[in-house]
Each structure stands twice: as structure tokens, then as C-alpha cells.
Amino acid sequence: SSAPTISGWSPTADLPVGSCASKTYVMGDEEDAGLKPNPANADDEFLRHPSTGAYFRNPLRDSAQKPILMSIAEYEHNCLDNALANWHCVSMPESVFRKMTLGKEAAEPSRTIDVRQKAALRRLDRVTGSYEFVITIRKSQWVAPRGHRRPAPAANPQAVQLEKLALDVIPEMDGMRLRVENIADGLVAGWNRANPFFSVRPGDFVSKVDGKRGNAQTLMQAINEAEDVLKITMQRVTNRSASKMSIYSSDQDMAATLSPEEASSSS
């Protein structure tokens, strides 16, 4: 199927890729089937199917080496954003997933994904297309600059500065996203230093705050009014004008672009 998939992994490891068959064990109550969300925990023995309410074995409990493939509907119905709060999660179309897994061979329509292959995290920076990832910010970790200097004015007069995050953002033309214009020294810059594979860049979009979409004003209000923990969904649309060599570079070529620390952590 061409439906997008959700996968989670540690920032220092490649992700095993494959499919995990869902088996029905116990049918849910008829009035509950596919209606109410199922707030699951990562160690629950069973999850629930979003359409039928049937129980299926939780693949997150299996060995870390066993491939996991889960539909967005299954992921969201079981409220796994909360259950996997300490995971790095990426949402992407199947076309981007193929590029992460197969590299330059993804251009061949007949090429299929082998369950023994892994989605190389270092390829995420090179593939073209659109994908989303979640960053977690704690406002309580913000430290005021020495001397309480006022933040520098936004380089773009249309940009809005988000306090503590130190982000300059502009409402996108569709009115439903915020485009990142600049990143100063603040909480997001701190996140970037700690999470190089999931760093925020100028040109990225804020698409959701705490799992909820809204217009630009609603997104900014949710960020400003949050008391402490913020889960911000970032959307990245990569440059489609890049050459095929830059899009489908070999693992060896891509490793050469990483720092020694990043290269060793992604091998």
C-alpha cells in the first residue's frame, strides 16, 4: 500500500525495516470498535485496531532487531505519541522510506525492500520529498542570557520571535504552518546540538504543537502558553532540484560528509 508509515528509533542506531503481521486475538466490544482512542503504553501486551477494535499483539514488545511497520491509523488510535515520548519518531511517505532503505536503488520500481535491510538514518538528510519529525522542548530548561540582553530583532520584519525557543517564524501562505526563518541561541538550538539527526533548520515548518494542528495564530499561541513540555511537529520539504548523486549517494560518500562522531554513531 502507498499509505505513509510511522517508525521510531534511537538517534544513534539504524532502524530495522519490514512488516509485522497483525493477528486478531480478542474482539473488542461492538459499541467500542474503532470509536474511542486506546491510550496504550509501550509495554502493553496488546494494541487495538482502529477500525474493528480487535486486539493485536504489540510489536513494540518484540526484540529490538525485529522489524516494525505500523500504519498511521494504528499508531494514532493507540496514542503512541505519548507512549513513545522518549523515542525519535519520523512520519514519511513510502517513497521517502524506500530512499532511506534502498538508496539509489529506490529509483528502480521493481526493487523491493528486504526485511533484512535497514533504513540508514544518515540517508534522511539526503532524500528528496517531505517528512515530519517531533522535537521535545522543556521551557523550564531555558536560561536567560547573561546581563538579560534583549534578543536581536528578527532579520525579516515579517517574522515573529518565539520567546525561549529563540525561533523567528513566519506564517506560511496556507495559513496552517509556521516557516522557520532563523534560529538563535535558545531551547531549539540546544535541541539541535543534542539531536543532530533531528535538528531544526531554517526553511522547516511547524505543523503541529502537542499533536494538534491549527492555523498559524493557534500554533503560536499554543507554544507561548505552554507551561513546560512542548512536543512540536516539524515538517521538512527537501530540495527536489538536487542532483541524483546528492539524493542517492552511496553510504561511503554520505559517511564522508559527517563528522567523525556522527559517522561512528550511524555505522
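## Salt bridges, an enclosed strand and an aromatic cluster

Asp-185 counts as exposed, its relative accessibility being 67%. The cut-offs behind such labels are simple: buried is under 20% relative accessible area, exposed is over 50%, and partly exposed is anything in between, with a 1.4 Å probe and protein chains only. The model is a predicted one, so local features need pLDDT of at least 70 and side-chain atom pairs count only at pLDDT 80 or more, while totals for chains, interfaces and linings use all residues. Side-chain values use heavy atoms, with hydrogens and water left out, and residues are numbered from 1 along each chain as its sequence is written.

Asp-185 has a charged partner in Arg-193: the two form a salt bridge, with 3.8 Å between the closest N and O atoms. The term covers a side-chain nitrogen of Lys or Arg within 4 Å of a carboxyl oxygen of Asp or Glu. Arg-193 counts as exposed too, at 61% relative accessibility. Searching the whole structure turns up nine salt bridges.

Another of these joins the side chains of Glu-132 and Arg-213, at 3.6 Å from N to O. Here the partners come from distant parts of the chain, 81 residues apart: Glu-132 belongs to strand β8 (residues 130-138), and Arg-213 to the loop between β12 (205-209) and α5 (216-225). Helices (H or I, at least four residues) and strands (E, at least two) are DSSP runs, numbered from the N terminus. The two ends of the Glu-132 pair sit in contrasting surroundings, since Glu-132 is buried with a relative accessible area of 14%, whereas Arg-213 is exposed at 52%.

Asp-204 and Arg-236 make a salt bridge as well, and their closest N and O atoms are 2.7 Å apart. Asp-204 is in the loop between α4 (187-194) and β12, and Arg-236 is in strand β13 (residues 229-237), so this pair ties together parts 32 residues apart in sequence. Asp-204 and Arg-236 are both buried. Elsewhere, salt bridges with shared partners knit Glu-172, Asp-174, Arg-177, Arg-179 and Glu-181 into one network.

Strand β12 is worth a look of its own. Five of its five residues are buried, so the rest of the structure largely encloses β12. Strand β11 (residues 178-183) is joined to β12 by two bridges, and these strands run antiparallel; strands count as paired if DSSP finds at least two bridges between them. Arg-179, already met in the salt-bridge network, has Phe-205 as its bridge partner in β12. Strands β12 and β13 are antiparallel as well, joined by four bridges. In that pairing, Lys-208 has Thr-233 as its bridge partner in β13.

Helix α5 also has an inward side. Its buried residues include Ala-216, Leu-219, Met-220 and Ile-223. Viewed down the axis of α5, the buried residues fall within an arc of 95 degrees, so they line one face of the helix; the arc is that of the directions from the helix axis to the C-beta atoms. These buried residues pack against β9 (160-162), β10 (167-171), β11, β12 and β13, with contact taken as heavy atoms within 4.5 Å. Exposed Gln-217 and Glu-225 are carried on the face of α5 turned away from its buried side.

On to the aromatics: the structure holds three aromatic pairs. Tyr-131 and Phe-133 have ring centres 6.3 Å apart and planes at 40 degrees, so this pair is tilted. Rings of Phe, Tyr and Trp (its six-membered ring) pair if their centres lie within 6.5 Å, and planes under 30 degrees apart count as stacked, over 60 as edge-to-face and the rest as tilted. Tyr-131 counts as buried at 3% relative accessibility, and Phe-133 is buried with a relative accessible area of 1%. Phe-133 also pairs with Phe-198: the ring centres are 6.2 Å apart and the planes at 55 degrees, so this pair is tilted. Phe-133 lies in strand β8 and Phe-198 in the loop between α4 and β12, so the pair ties together parts 65 residues apart in sequence. Phe-198 is buried as well, with a relative accessible area of 1%. Tyr-131, Phe-133 and Phe-198 form one aromatic cluster.
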